[in-house]
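Let's walk through how to read a chain-chain contact and a nonpolar core.

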Amino acid sequence: MTRTVSRDDPRVLLESPATIYDAIPPYPPRSEREAEFYALRDGEMLVNLGPQHPSTHGVLRVVLKIDGEQVVDLDPVLGYLHRGIEKLAENADYHQAICYTDPLEYVSSLFNELAPVMAFEKLVEIEVPRRAEYIRILSCELLRIASHGLFTGWLALDLGGYAPILYGFIERDEIVEMLAALTGQRMLFNYMRIGGVNGDLNHEFMSRLGEWMSRAAREIAANQTLLNENEIFVRRTRGLGVIDRETALRLCLTGPALRATGVPYDIRRAHPYSVYPELEFDIPTRDEGDSYARYLLRLDEVKQSLRIIDQCLEQMPDGPCMAKIPRLIRPRPGRAFAAIESPRGQYACYAISDGTDQPFRFRIHDPSFVNLQSVGVLVPGNLIADTMAIMASLDPIMGGVDK
Amino acid sequence: MSVVARSWGHLTPAGKVVVPLLGIVLALGLVAFLGIVTGILPAIGDTVVLTGRRNVGIVRFLVAATAALLASVPIAFINIYLEMKLLAWIALRRGPNRVGPFGTLQSVAHGFKVLAKEDFTPTGADRAVFTIAPVVTFLSVVLAFMVVPFAPGIVGVDMNIAVLFFFAIGGLTVVGLLAGGWASFNKYSLLGGLRSAAQIISYEIPLTLSVVGVVMLAGTMSLHGIVEAQAGHFWNWFVFQQPLGFLVFFLAGTAEGNRTPFDLTEADSEIVAGFATEYSGMRYGFFYFAEYVNLFILSAVTAILFFGGWSAPVEIHQLAAWLGVAVPSFAIDPSQLGIGLLFLLALGPALGTVLCAIPVALLRTDWSLRRALAVGFVLFNVVAGGLVIAWAYLASEVVAGLFWFLGKTFFFVFVFVWMRATLPRVRIDQLMGFAWKWLLPASLFNIFATAAAIVLVNR
């Protein structure tokens, strides 16, 4: 029996080996931009960077148009990690929706939970106990340090440096073990609850934290010396991927990528939430706007996070860590928006209630996605090797980009 | 047939090796017996010996090539193990610790792994070139390995133009890399191949020019001669007369051997292993082997050209003369010992074991006599081994030479691994700029300065 295959079937393409690996899609261009991008001039070549590539931090695919070693143009192709998390959350009740958000930015899961929880709390109009607020901030800032430590390692790994990633993982592992003592999980914590957190501070967490805090500043500073004044590292990142203030604002960049251009915009100060108004910390900024500035800025942020943790431990009030909440929540119809400062920038949640026990609309605004769009401005004109350095300095997490 | 198959199935894995071997040995024995009886084998043997005598050069070359091929495998294994272990320690990990004592057989396991893997050729690849490319790379490295002298007399081929041969053959690796990158039908591989062509050819120039100073000082291109020119004390080593030459050679050698921070040809975070992207199985293994043998050769040649090769930092006889002590002569002629040799071999270990066990038994009274004897036996072996090695070091200049040569070489292997663990990778424009703007003028200046110094001193 012979089966007729239509021309659009990908199996047709397998017949001619020359087209298997071609980055040009087999269909006619759908837009002007696509037609322009796939029209190759003399000496130009298309290369698929990803979806399986060691340094795209997940399954990002970038079609690079290169002329020799130089990147002429590029076209990011997203969606390889799309899991439909927003839609899944709309089919779960308010308590269940929180745990779907965990695997979005999987290296900073607590932030993923905090924004929806805050949005839901606005919908339900409940007061969160102050102790719960402090515990939230404490655990989030710990995770911010872990995330930035890992960023350092990733940046070095994409530049070919081998050791820093392992030192970064040591740092992260200690924090993650600590949080495992607090929440019961190492990566996808599912710790935040509407009206509080899932468990009070316990002895193991506190003893681990105290022991770690006594040497954290020293160890983090020691890890940073691996790269800070490394001649090769500085020469590769300084002046690379420079983005100016206006372009950064036009592209809606947030987080370290924006603050490295000199804009002191941090949700923790600009639109304070939780107990941040009571805490004392600075918003570090830099003016250069290059990869090196983005790297140094994160190191400064780690120091500020350590300060915040210290203050949280000092000011930690007594009391319950959970408000009295019904098992099934049916908020009045309405809408709520909550934004927080995640390690990568503004992480926000927008929720609409139609009066049932499930959110009618559940939308996540993810900083990785917004920051990633700047590669179109930053990368062209640079070399292939710099593409990795620029992308790594933006620190996108594909779980958050593709949702 | 089924009987044979069933018996074969009953055999243990060791039996499956031994039984065919036995068969082969029996068959060979039969052939040898018949050959000797009929007088064919002695005739063939005479012819072979005669031909060999008439062509000593060719025979020597064949033996040397075989020895270099065979030696390259354990050297690659040792280097791979060292790299894994050192990288792990620098990154605060444990490293390989499962296969063999301290994981020393891990690289052998890796070797078996690449042998057992599927040898995959991608669709659209140029099969012939794809197959031959790793062999070219490996063979050029092994050929360069042949001229490296380990100790006085321990060298594959003692050429009077060994330095020239080394650079000429060593530069051939790029042919294999470029061919492999081109034939893989992969854009990353193509980029890697072109990068290797640009990089290795650019760095070949300062690498070769940096050695000219050494050649001028030694007055010979033979690696043997260069080592002999540095004999005596460590201040005779050329690194003190050619510091700039050494720096240029070391940096250019790093780039030539594709080592971090100049490992752009196989940059895994940029072009996904470059020329090796599409390779798997033993073809990849050849690239892998070539890289690690090359690492050893680079370290060895650095040690030979600039650090005196096999010569000790201070000659032991010289040291003894300064201190006013006579080094005892350790020349033992076994034939003079007669029956004493037998006694030494038979009674020595027993006597030594008992002697070493006495203090152990006295110190640890809670141990049984047998346990004390066992510990005493181990102690005796350590002591006797140490004595034998010390005797060999003093009595044979080959052993002493090997000791210093391998020590220096593996020190440089360590430095290369250390650099890999510490440094990020440079960019392609920085790499080329470094070669043409810094290394090339520096090596030319070095030649000029050395020549001027030689003329001034000799005047």
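What follows is a short dialogue on the interface and the cores.

A: First, the ground rules: this is a predicted model, where local features need pLDDT of at least 70, side-chain atom pairs count only at pLDDT 80 or more, and totals for chains, interfaces and linings use all residues. Residues are numbered from 1 along each chain as its sequence is written, chains are lettered from A and ligands numbered from 1 in the order in which they are written, and side-chain values use heavy atoms, leaving out hydrogens and water.

Q: How many residues does each chain bring to the contact?

A: Contact means heavy atoms within 4.5 Å. Here chain A brings 38 residues and chain B brings 27 residues.

Q: And which residues form a salt bridge with a closest N to O distance of 3.4 Å?

A: Look for a side-chain nitrogen of Lys or Arg within 4 Å of a carboxyl oxygen of Asp or Glu. The rule finds two across this interface, one of them pairing A:Asp386 with B:Arg427.

Q: What about the largest nonpolar core: which residues touch the most other members?

A: Such a core is a set of buried (under 20% relative accessible area, 1.4 Å probe, protein chains only) Ala, Val, Leu, Ile, Met, Phe, Trp, Tyr and Cys residues joined through side-chain atoms within 4.5 Å. This one has 77 residues, and those touching the most others include B:Val148, B:Tyr203 and B:Phe249. Setting aside neighbours within four places in sequence, B:Phe249 is in contact with residues including B:Phe167, B:Leu207 and B:Leu305.

Methods. Buried means under 20% relative accessible area, exposed over 50%, partly exposed in between (1.4 Å probe, protein chains only).
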